[in-house]
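The report below describes selected local features of one protein model, going from single residues to helix faces and backbone details. Please read it alongside the sequence and the coordinates.

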Amino acid sequence: MNKIELEDKKLKKHIDSLVKDEMCIFVMAEGRLRGALFHGTRFVNQIKLQHNLGILESMILGQAGIAAALMIPMMKGEEHITLKYETESPAKGFSLEADSQGYVRGFLYNEHIPVEKALESWDLKPFLGEGILSVSTLHKEDKEPFTSSVHVDSSNIAKDLAWYYNQSEQISTAFNISVQMDKNARIVGAGGMFLQVMPETGGKRGSGSAKSSSSDKISDEELLSRAELAFKTCPSLGQWFSEKGNFEDLIYGLFREFSPSIAVRRNIVYDCPCSKERFIQYIKNLPKTELEDIKKNGPDPLELYCRNCGSTYKIPISQL
């Protein structure tokens, strides 16, 4: 990927003052709940820079990118997922890819969304609206990806993704995704969190029983109710990180009654494996007649664009 560097000195100074972009994966309630908190201010700014996005487009693709990043801790082994949203509304939708190694890339189907009047809120329904949310999963040993889809009414990407997990995966999951902009439309904070109920495997159940007792089920219901209440009190994560908030204060403060513990910290970056060399090899593998036509008629240099990350490569004919 041709990484575009941030040139806004004021924004760069602000970002440098924030905690690093990373994801903290945590467990709590004796393993019954797990979650992840992701700080992605640099991540979302890179998305905006790579695709040269406007305000609305940055908000949509930034949130979608965070959503894809939050799916990484739920991957099993070496896994690659594609998160797609397809709609007939003005934005047309988006496509994001995430890899278990911690890489995310993707794009909007329409990077120039028509806006007829000034935005009064960040309700995305007028631009995304009803459509199909699909997730394609590919493991290292798979020949073809497995895809599952749900119909959503996309006014809120976080709620749409929660609906997907609740319907397709049958796992109770909640998401909180936020991108904070200042009065000059600079992205000054961005983050996301998910909280998920782990499947029961026979309780603390160290009794050897495969089924929970009635009292255990009631206890679980109370646990989930309290966890949901705590999750709903989570502040705007974009604002939290923009104001120099950290991971520990939020996780241990928000969920203190569940005795949370941060298990893993990992890097998540917006990046793409495309390169000038890969494009050259692709062109060289074209049918002979097409390759000869390019060499004869140009243009010279060729200008190739990677839709997944917005990178542009200029390739002189002499290199073919």
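## Local environments in the model

T173 touches A162, Y165, N166, F194, L195 and Q196, not counting residues up to four places away in sequence, where contact means heavy atoms within 4.5 Å. The model is a predicted one, in which local features need pLDDT of at least 70 and side-chain atom pairs count only at pLDDT 80 or more, whereas totals for chains, interfaces and linings use all residues. Residues are numbered from 1 along each chain as its sequence is written, and side-chain values use heavy atoms, with hydrogens and water left out.

T173 belongs to strand β8 (residues 173–181); helices (H or I, at least four residues) and strands (E, at least two) are DSSP runs, numbered from the N terminus. With a relative accessible area of 6%, T173 is buried, on a scale where buried means under 20% relative accessible area, exposed over 50%, and partly exposed in between (1.4 Å probe, protein chains only). Q63, which lies in helix α3 (residues 55–70), is likewise buried, its relative accessible area being 10%. Not counting residues up to four places away in sequence, Q63 touches S58, L124, I157, I177 and V179.

The relative accessibilities of three further residues, together with their places, are listed here.

| Residue | Place | Relative accessibility | Class |
|---|---|---|---|
| N2 | segment before α1 (9–16) | 35% | partly exposed |
| N52 | loop between α2 (41–51) and α3 | 67% | exposed |
| V115 | loop between β5 (103–108) and β6 (129–139) | 41% | partly exposed |

N2 touches Q50, S311, T312 and Y313, again leaving out residues up to four places away in sequence. A polar atom of the N2 side chain lies 2.9 Å from the backbone oxygen of T312. N2 and D123, for their part, are 121 residues apart in sequence and 32 Å apart in space, C-alpha to C-alpha.

Two helices show how buried residues are arranged around an axis. In helix α7 (residues 247–254), the residues F247, L250, I251 and L254 are buried. They cover an arc of only 90° around the axis, which puts them on the same side of α7; the arc is that of the directions from the helix axis to the C-beta atoms. An α-helix has 3.6 residues a turn, so residues three or four places apart point the same way. At the start of α7, a side-chain oxygen of N246 reaches to within 3.3 Å of the backbone nitrogen of E248.

In helix α8 (residues 276–284), the buried residues are F279, I280 and I283. Seen down the axis of α8, these buried residues fall within an arc of 100°, so they line one face of the helix. The exposed residues E277, R278 and Y282 are carried on the face of α8 turned away from its buried side. Among the elements that cover the buried residues of α8 are α9, β12 and β13 (312–315).

Some backbone details remain. D300 and P301 are joined by a cis peptide bond, with omega at about 5°, and P301 is found in the loop between α9 (288–297) and β12 (302–305). Phi of N52 is near 50°, a positive value in a residue other than glycine. K244, placed in the loop between α6 (237–242) and α7, has a phi near 70°, which is a positive value in a residue other than glycine.

Key:
Polar contact = N/O pair within 3.5 Å; in protein donor to acceptor, adjacent residues only side chain to side chain.
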